[in-house]
Amino acid sequence: MLDRITALFAKDKSPLANVKMASQWCKNLDLVDPATRSSRVHGIVSDFIAGNQPPSLDSLQALMLIDEHVQEAYDAVRYQYIANPRMSKEIEQKLWKDIVSYAQDMVAAYQRFVQAESNEALQAQFAPLMPMVLARSLRYLAIQAKWHYFRFEKVPPKLWTSAHQLYRLSEIGGFDSNPFAVYPSDGSEVSSCADEYIQMLMLNTLANNNLSVRQLDLVDQWLEKWSKLIQISRKYVIERHHFCVNLQEPHGAQKLNPELMGEPYRYWGLNELVNQVQEILGRLMTGASHASLDLGPDARGPAVTELLKHLDVFWTMCMRNSQVKRSERTKVTKAADVIYGLDRICGFIKEDNDKFMRQSRDAKEQIDYDEIMDMRLYGFVSSRTKQKTMGGNPYAVNKKQNDWHTWAIDNESNGGFGAVLRFSENEWIRPNLLLGLRLNTGENWQIGVLRRIARLSDDEISAGIQIITTTPVMVGMHSEQNDRIENMTVTELGFTGGLELPNVKTALYVPHQIDGKSVNTLIMHSADYGLDKIYQIRARDKKFSVSLGLVLEKGVDWIWVAVNVLRQDN
């Protein structure tokens, strides 16, 4: 009984009673550490929700004041999680739960005022504060989604439903794009309900990109600024919009297709965002410092540049593939050998090419591919090649048995395969990674690109692979231009002799069609590309001089370009 009486009188002393009580309570709050501050605020917010007290303007103003006052402490708690990736599982679990449950209760507390629809007098009182209430609620929902991404978990459907409803309310209120400071005292940039919503949606596009906690957090910081480059539209504009979201379904961002049209959908494009990323990359390449680009205090070093390249590649791919119609998938049970890395892929493709050449002619009466290369390069057949022809290759790099990964293929289509694999055995995977694949040891290697990654469970991932070509050819490239000299031995290239040739590179020739017309293309290292750069290409027993043309696609470390054949060389 005593406890009940104490609780009854305590209601009048609650920090959420009015602004005066909240201000006094916050002064005492500053005397404790950030974790304790967050915990105490979480406690009074939970009591407010459980107490079922009627909403009032005084309590809303008090809640908003305390929410703003605790932001620095809540930021510190979140930073503790992000900055300590090697914490024990028990500590990680507790910290994760504290952060997410705090955000959940803050949304629930604000929701009490958002849902005060039956009282018109209260609605009129709340109206001036409602843009900030909705924006803060969207930010707390985005925090929850982000912490689910950290664990490679799907965002709960209820969370997306709440986000869509809050954004829709801002549209109905006519203030969805009105700029203001969400937390005026922290000195952050102005935002809006639309900015908070699009930031949440854009981070969702990267949820399956296998990024680390630090990488996701860094991108989220950038999106806080970049979200202002994106405009949400109710009307779809072809060639301008690349993503959409259905406000009536519990899902996040979706790539466009002809069926996703109508009133429940909202659309946005990536042109300005990708231009911004490319501009930053361009300035970094010309010597600008990371600090001068306002990328954040922790954004420095080669890893940041690689992350920016990844964003450029991935979002550019989304722009190009937003309206691609996918062929129907068929369930299968197969296994595929998988390799990655352009140099390794070139090595295996070279073996396939050699095997094909040997099978297509009589080895006793005709010289093989390596002998042709010897004669072309040196005018004689080297002793190494003679030894190889007689049997065995003393210069070949010894490979481990099964020098590749094996993936379980569970579906296939006209354009590629779907695989299920263990994340713990394939932590290197990233969207837009170049792959070599073969379905059995008797077949040749095909070239594919990893397009889709989705987490199925803690250690199970679904991957989608698009096949680019089933008939690649490894070629050697040589340029007189001294722009990227590498002392790569001819042994590494699979050529002959023990000599070293400067500025020799490897690439893959890929037959391709554009608008029904056959074109010559190369997949090469990104560092080797330059528009109109001229290379001498050695493909089997032929030499060509080619100039590099338009870029068809690019990865972080590879690029696929069309080439113009200038002449065939002797």
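This briefing describes selected features of the structure shown above, grouped by topic. The model is a predicted one, and the points below should be read with that in mind. They cover a pocket with a volume of about 1300 Å³, a search for aromatic pairs that finds 18 of them in the whole structure, the pairing of several strands, and a few residues in loops.

**The second largest pocket**

- The second largest pocket of the model has a volume of about 1300 Å³, and among the 44 residues that line this pocket, those closest to its centre are R78, K146, D217, Q221 and E224.
- Six helices give two or more residues each to the lining of this pocket, namely α4 (57–69), α5 (71–83), α8 (130–150), α10 (193–205), α11 (213–226) and α13 (302–321).
- The largest share of the lining comes from α11, which contributes nine residues.
- Sorted by the character of their side chains, the lining residues of the second largest pocket comprise 18 that are nonpolar, nine that are polar and 17 that are charged.

**Aromatic rings and the charges over them**

- The whole structure holds 18 aromatic pairs, and one of them is formed by F48 and F113, whose rings are stacked with 5.8 Å from centre to centre and 10° between the planes.
- This pair links distant parts of the chain, since F48 belongs to helix α3 (residues 34–51) and F113 to helix α6 (residues 89–114), with their positions 65 residues apart in the sequence.
- Both partners, F48 and F113, are buried, and together with F126 they form one aromatic cluster.
- R112 lies over the face of F48, at 5.0 Å from the ring centre, while in another such arrangement R151 lies over the face of W96, at 4.1 Å from the ring centre.

**The sheet of β1, β2 and β3**

- Three strands form an open sheet in the order β2-β1-β3, and their pairing is antiparallel.
- Strands β2 (254–255) and β3 (265–268) stand at the edges of this sheet, where each has a single partner strand, so one side of each is left without a neighbour in the sheet.
- Strand β1 (residues 243–246) pairs with β2 in the antiparallel sense over two bridges, and in this pairing F243 stands opposite K255 in β2.

**The pairing of β4, β5 and β6**

- Strand β4 (residues 330–340) and strand β5 (residues 405–412) run antiparallel and are joined by seven bridges; for K331, the bridge partner in β5 is N411.
- Strand β5 is also joined to strand β6 (residues 416–422), again in an antiparallel arrangement, by four bridges, and here N411 stands opposite G418 in β6.
- The connection from β5 to β6 is a hairpin that passes through three residues.
- N411 therefore appears in both pairings, as the bridge partner of K331 and as the residue opposite G418, and it helps to recall that in a regular strand the side chains alternate between the two faces of the sheet.

**Residues with a positive phi**

- F152 is not a glycine, yet has a positive phi of about 60°; this residue is placed in the loop between α8 and α9 (157–173).
- With a relative accessibility of 22%, F152 counts as partly exposed, because the buried class is reserved for values under 20%.
- D294, which is likewise not a glycine, has a positive phi of about 55° and lies in the loop between α12 (271–285) and α13.
- The relative accessible area of D294 is 49%, and the residue is therefore partly exposed, given that exposed residues are those over 50%.

**Loop residues and their contacts across the sequence**

- N84 has its place in the loop between α5 and α6, and with a relative accessible area of 37% this residue is partly exposed.
- Although N84 and V213 are 129 residues apart along the chain, their C-alpha atoms are separated by 9.7 Å.
- E443 is found in the loop between β7 (434–438) and β8 (446–457), and its relative accessible area of 31% makes it partly exposed.
- E443 and D352 are 91 residues apart in sequence, while from C-alpha to C-alpha they are 8.9 Å apart in space.

Key: Residues numbered from 1 in each chain as written. Predicted model: local features only at pLDDT ≥ 70, side-chain atom pairs only at ≥ 80, totals over all residues. Heavy atoms only, no water. 1 Å grid on protein atoms, 1.4 Å probe; cavity = no way out; pocket = protein on both sides within 12 Å on 5 of 7 lines; lining within 4 Å. Points joined across faces, edges and corners; volume = space filled by probe spheres on them. Nonpolar A, V, L, I, M, F, W, Y, C, P; charged D, E, K, R; others polar. Phe/Tyr/Trp six-rings, centres within 6.5 Å; stacked < 30°, edge-to-face > 60°. Buried < 20%, exposed > 50% of the residue type's maximum accessible area, 1.4 Å probe, protein only. Lys NZ or Arg CZ within 6 Å of the ring centre and 35° of its normal. Pairing = 2+ DSSP bridges.
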